[in-house]
Amino acid sequence: MSNSPQVIALLPLSAMIGGEARVMSVEAETADASRLMALGICVGRRVEIVKAGDPLIVRVVGARVGLSARLAAAVMVDMVGSSTGATTAA
Amino acid sequence: MSSTLNELDLPVLASGGAASSAATPAGPVTIALVGNPNAGKTSLFNRLTGLRAKTANFPGTTVEHRRASLALDGVAATLIDLPGLYSLDATTPDEQIAADALRGRLAGMDAPDVILQVVDATNLERNLFLTSQVLHLGRPVVAALNLSDVAERQGLTFNLEELRERLGCPVVAVSARTGRGIDELVQVVTDAARQQASPELHADLAACGSCRGCQYSARYDWAESVRALSVRGDASRAGRASEAIDRVLTHRVAGLACFAAVMALTFLVIFWAATFPMDLIDGLFSLTAQTVGRWLPAGDLNSLVTDGVIGGVGGMLVFLPQICLLFFLLALLEDSGYMARAAFVMDRLMQRVGLPGKAFVPLLSAHACAIPAIMSTRVIEDRRDRLATILVLPLMTCSARIPVYAMVTALLFPHAPLKAAGLFAGAYALGIVTALAVAWVFKRTLLKGPTRPLVIELPNYRLPSLRNALLLTYDRARAFVTTAGTTILVISVVLWALATYPKTSMEQMPAKVQAELLAMSAAGNDAGADRLTQQVELEYSFAGRIGRAVEPAFAPLGFDWKMSVGVLSSFAAREVIVSTMAVLYGLGADGADDGVDSLLGSLRTVTRADGSLVFTTATCLSLLVFYVLAMQCLPTQAVTRRETGSWKWPLLQLGYMTALAYVAAMATYQAASFF
């Protein structure tokens with residue numbers, strides 16, 4: 001997924017139930033990926049879960065974005081030192 | 001919060017260009033307003049132009065925009081409000097047009113002379129992403145730091161000098177709501193128009209454009225650094241209030257309940273508050289028809305003007321208050337930030353039938369009138385999703401169907417209000433269920449394709465602008481009157497002609513009718529004689545003949561020839577059937593107005609040639625089902641044509657709805673007759 005050597009917890013954004021993470025990759029269809037990235041959900045940005053579920057709400061570059069879990073599953077994130085974050089996926 | 005009264009002040013710009021300048025370029029300069037949705041672009045446009053704006057389509061498209069001519073300190077200018085967008089890599093038709101217009105790729109439109117980039121000061125970082133792309137276009141750019149008053153109240157301070165240097169273009173802090181900084185902005189834009197200076201890209205920004213692969217990350221890194229350098233303070237607290245509200249409004253259960261409550265309230269307001277102006281318009285048109293009718297000599301011209309023109313236009317305008325109220329309330333809800341939440345909570349449910357959450361509000365609006373609903377589908381990004389929504393919208397029970405429902409339920413259950421209410425609700429439910437089912441079918445066949453997954457910004461809640469809502473309502477109402485009005489005027493005149501010609505003279509009437517007429521006149525029953533004459537005349541007219549000709553086609557539905565005429569006459573506007581039936585069953589044209597009771601009384605006793613009753617339970621149910629499902633509204637078709645840009649879609653709408661109505665009504669009649 002990512003060529004970064006010090007990956008700690010790489011997981012899809014849809015599996016986060018809270019906390020913050022850094023976006024490592026976006027692998028959606030072109031149009032959907034463009035919409036996500038234009039709103040700031042792109043490699044290198046920090047996202048914070050405001051509301052988990054489907055659809056879910058994330059805070060990213062100072063704004064809140066609602067997105068369906070189906071699309072969030074295409075966004076791989078790296079959890080950044082957060083105690084509240086946990087995975088529900090294996 | 002700025003007072004809403006303040007917003008109603010006239011715009012600060014004077015329309016006449018008193019000052020003059022030697023350096024004025026030839027012809028008006030074009031200034032394009034561009035910015036993120038929710039950045040206050042429309043407010044700024046309204047602040048700069050006020051009521052002088054016109055709505056126009058971009059050449060060769062169905063995408064609308066507003067434009068206005070103004071004099072900026074002696075420079076004649078055309079201000080163009082482009083659709084809001086997050087990025088120049090457009091993902092929706094509206095965004096594509098905005099991006100093309102900025103690049104000068106839109107046929108018939110040159111690239112703008114100046115780009116007025118509206119930036120939301122309360123969220124500089126996200127907004128600067130688009131700014132970075134706009135600056136790379138190489139056209140003169142002026143950045144308006146809008147909502148600067150709100151940002152300052154949130155504790156943010158801006159280093160404008162630093163911003164100017166990092167962006168390489170003029171930056172003006174403004175507030176479209178209060179008018180702060182607008183004079184300075186006008187001056188800076190005027191200078192930019194005169195000097196035509198391209199942005200001087202800062203080295204950091206110039207680097208962003210060089211690598212295509214990671215442009216999003218590079219631009220966002222740049223935006224983050226610019227924000228860090230030029231803004232002091234933390235505004236994250238300001239979003240906490242919105243997030244607290246959202247814990248309820250986006251909740252899976254509570255959010256849906258709140259949405260239901262908001263919509264119920266909206267519709268209560270629409271149906272109640274519209275009653276008064278609707279009665280007024282109705283009364284006004286009756287009065288006009290009467291007055292004009294007295295002035296004009298009796299005859300065809302009189303009938304054409306009073307029944308055809310005034311009656312037809314009045315019948316359409318009577319729905320205008322509901323339409324305006326709907327637009328107005330939806331604009332307030334949109335401006336407040338609530339609509340994004342509504343789309344958010346409805347998305348999961350709507351995805352099941354293959355439609356996005358944003359389709360829900362149009363589907364609901366269609367219960368007042370399909371026309372504003374079709375116009376409001378513009379929020380749906382995907383073309384297939386939008387077309388599927390437009391195609392099924394007219395299945396929802398609009399207010400024009402209510403008179404027909406009322407007539408049928410009263411015929412069936414005159415003394416059982418509970419049963420009548422049940423049938424009424426059933427008719428609404430039939431429309432909703434059919435619309436969702438048909439949308440599901442369309443999304444799996446003709447408009448096959450995955451529903452675009454939800455991606456929506458949830459902006460901070462804010463006090464909606466009355467001024468913006470009023471201007472939007474005015475624009476949409478004007479579009480309704482011109483599109484729907486011209487169509488219905490033509491159709492009313494055609495229908496009038498069909499129902500009037502060829503004329504019948506007394507001598508041409510059957511001997512039995514002549515004898516009846518003479519007897520009535522002799523008894524002093526002039527009103528009765530008039531009614532009988534009207535009835536016979538309509539029977540002999542083209543409409544009557546056509547009705548007789550198509551009667552066999554409607555026979556399996558249980559309709560007699562008079563109902564067939566009624567169905568045909570309501571092809572343009574469904575509520576017409578009530579007055580047509582009043583005439584055909586011998587109550588006179590005013591029968592429907594005199595009180596529904598007299599119409600119902602006579603309908604209940606109407607018999608067929610063989611002596612059986614016409615309006616049996618089976619016929620009534622069949623008629624009701626037919627009116628729930630049939631496409632009988634030409635203005636809606638005209639608007640569908642306008643919004644889809646082709647006659648293909650309104651024809652498909654007409655075709656499938658007519659087939660559906662026919663088959664369903666026939667099934668209903670045959671099934672109900674069986675029991």
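How many of the five residues of strand β4 of chain A are buried? Select residues 56-60 of chain A to find out: five of five are buried, and the strand is mostly covered. The model on screen is a predicted one.

**Stop 1: strand β4 of chain A**

Show the side chains of β4(A). A:Leu56, A:Val58 and A:Val60 point one way from the strand, while A:Ile57 and A:Arg59 point the other way. Both sets are buried. In a regular strand the side chains alternate between the two faces of the sheet.

**Stop 2: the neighbours of β4(A)**

Add strand β3 of chain A, residues 46-51. β3(A) pairs with β4(A) in the antiparallel sense, over four bridges. To line the two up, pick A:Ile49, which stands opposite A:Val58. The two strands form a hairpin with four residues between them. In that turn, select A:Gly53, which has a positive phi of about 120°.

Now add β5 of chain A, residues 63-67. Five bridges hold the antiparallel pairing of β4(A) and β5(A). Here A:Ile57 stands opposite A:Gly66. This hairpin has two residues between its strands, and A:Val61 takes a positive phi near 30°.

On the β3(A) side, continue to β2 of chain A, residues 20-26, which is joined to β3(A) by three bridges and runs antiparallel to β3(A). A:Glu20 has A:Glu48 as its bridge partner in β3(A).

**Stop 3: the whole sheet, across two chains**

Select the rest of the strands and follow the order β1(A)-β6(A)-β2(A)-β3(A)-β4(A)-β5(A)-β10(B). These seven strands form an open sheet with antiparallel pairing. At its edges are β1 of chain A (10-12) and β10 of chain B, each of which pairs on one side only. On average, neighbouring strands are turned by 40° against each other, direction ignored.

Which strand of chain A is joined to β10(B)? β5(A) is, through three bridges, with the two strands running antiparallel. Centre the view on A:Val65, whose bridge partner in β10(B) is B:Glu457.

**Stop 4: the side of chain B that touches chain A**

Step back and colour the two chains separately. The contact involves 24 residues of chain B and 28 residues of chain A. On the chain B side, the elements that give two or more residues are α4 (124-135), α9 (215-230), α10 (238-249), α15 (338-351) and β10 (455-457). Select α9(B) for the greatest contribution, four residues. Colouring this side of chain B by class should show nine nonpolar, six polar and nine charged residues.

**Stop 5: the largest nonpolar core**

The largest nonpolar core has 213 residues. Those that touch the most other members are A:Ile41, B:Val142, B:Ala144 and B:Val189. Helix α14 of chain B, residues 320-336, gives the largest share of this core, with 10 residues. In soluble globular proteins, nonpolar side chains tend to be buried together.

Zoom in on B:Val142. Leaving aside neighbours within four places in sequence, its contacts include B:Val114, B:Leu116, B:Gln117, B:Cys169 and B:Pro170. B:Val142 also contacts B:Val172, B:Val188, B:Val189 and B:Ala192.

**Stop 6: a helix pair in chain B**

Select α18 (383-392) and α20 (417-444) of chain B. Their axes come within 9 Å and cross at roughly 145°. The crossing is right-handed. From α18(B), the contact uses B:Ala388, B:Leu391 and B:Val392. From α20(B), the residues are B:Ala435, B:Val438, B:Ala439, B:Phe442 and B:Lys443. By class, the contact has seven nonpolar residues, no polar ones and one charged.

**Stop 7: B:Ala366 in its loop**

Go to the loop between α16 (360-365) and α17 (370-375) of chain B, and pick B:Ala366. Is B:Ala366 buried or exposed? B:Ala366 has 28 other C-beta atoms within 10 Å, so it is buried; the cut-off for a buried residue is 20 or more. Not counting residues up to four places away in sequence, B:Ala366 touches B:Ala373, B:Leu393, B:Met396 and B:Cys398. B:Leu393 is 27 residues away along the chain, yet the two C-alpha atoms are separated by 6.1 Å.

**Stop 8: helix α26 of chain B**

Finish at residues 576-584 of chain B. Helix α26(B) is largely enclosed by the rest of the structure, because eight of its nine residues are buried. To display the buried residues, select B:Val576, B:Ile577, B:Ser579, B:Thr580, B:Met581, B:Ala582, B:Val583 and B:Leu584.

Definitions and conventions:
Residues are numbered from 1 along each chain as its sequence is written. Chains are lettered from A and ligands numbered from 1 in the order in which they are written. This is a predicted model: local features need pLDDT of at least 70, side-chain atom pairs count only at pLDDT 80 or more; totals for chains, interfaces and linings use all residues. Two residues are in contact if their C-beta atoms, placed from the backbone, lie within 7 Å. Ala, Val, Leu, Ile, Met, Phe, Trp, Tyr, Cys and Pro count as nonpolar, Asp, Glu, Lys and Arg as charged, and the others, Gly among them, as polar. Two strands pair if DSSP finds at least two bridges between them. Axes are lines fitted to C-alpha atoms, for helices over the stretch in contact, and angles run from 0 to 180 degrees between N-to-C directions. A residue is buried if 20 or more other C-beta atoms lie within 10 Å of its own, exposed if 12 or fewer, and partly exposed in between; C-beta atoms are placed from the backbone. A nonpolar core is a set of buried Ala, Val, Leu, Ile, Met, Phe, Trp, Tyr and Cys residues joined through C-beta atoms within 7 Å. A crossing is left-handed if the near helix is turned anticlockwise from the far one by less than a right angle, and right-handed if clockwise.
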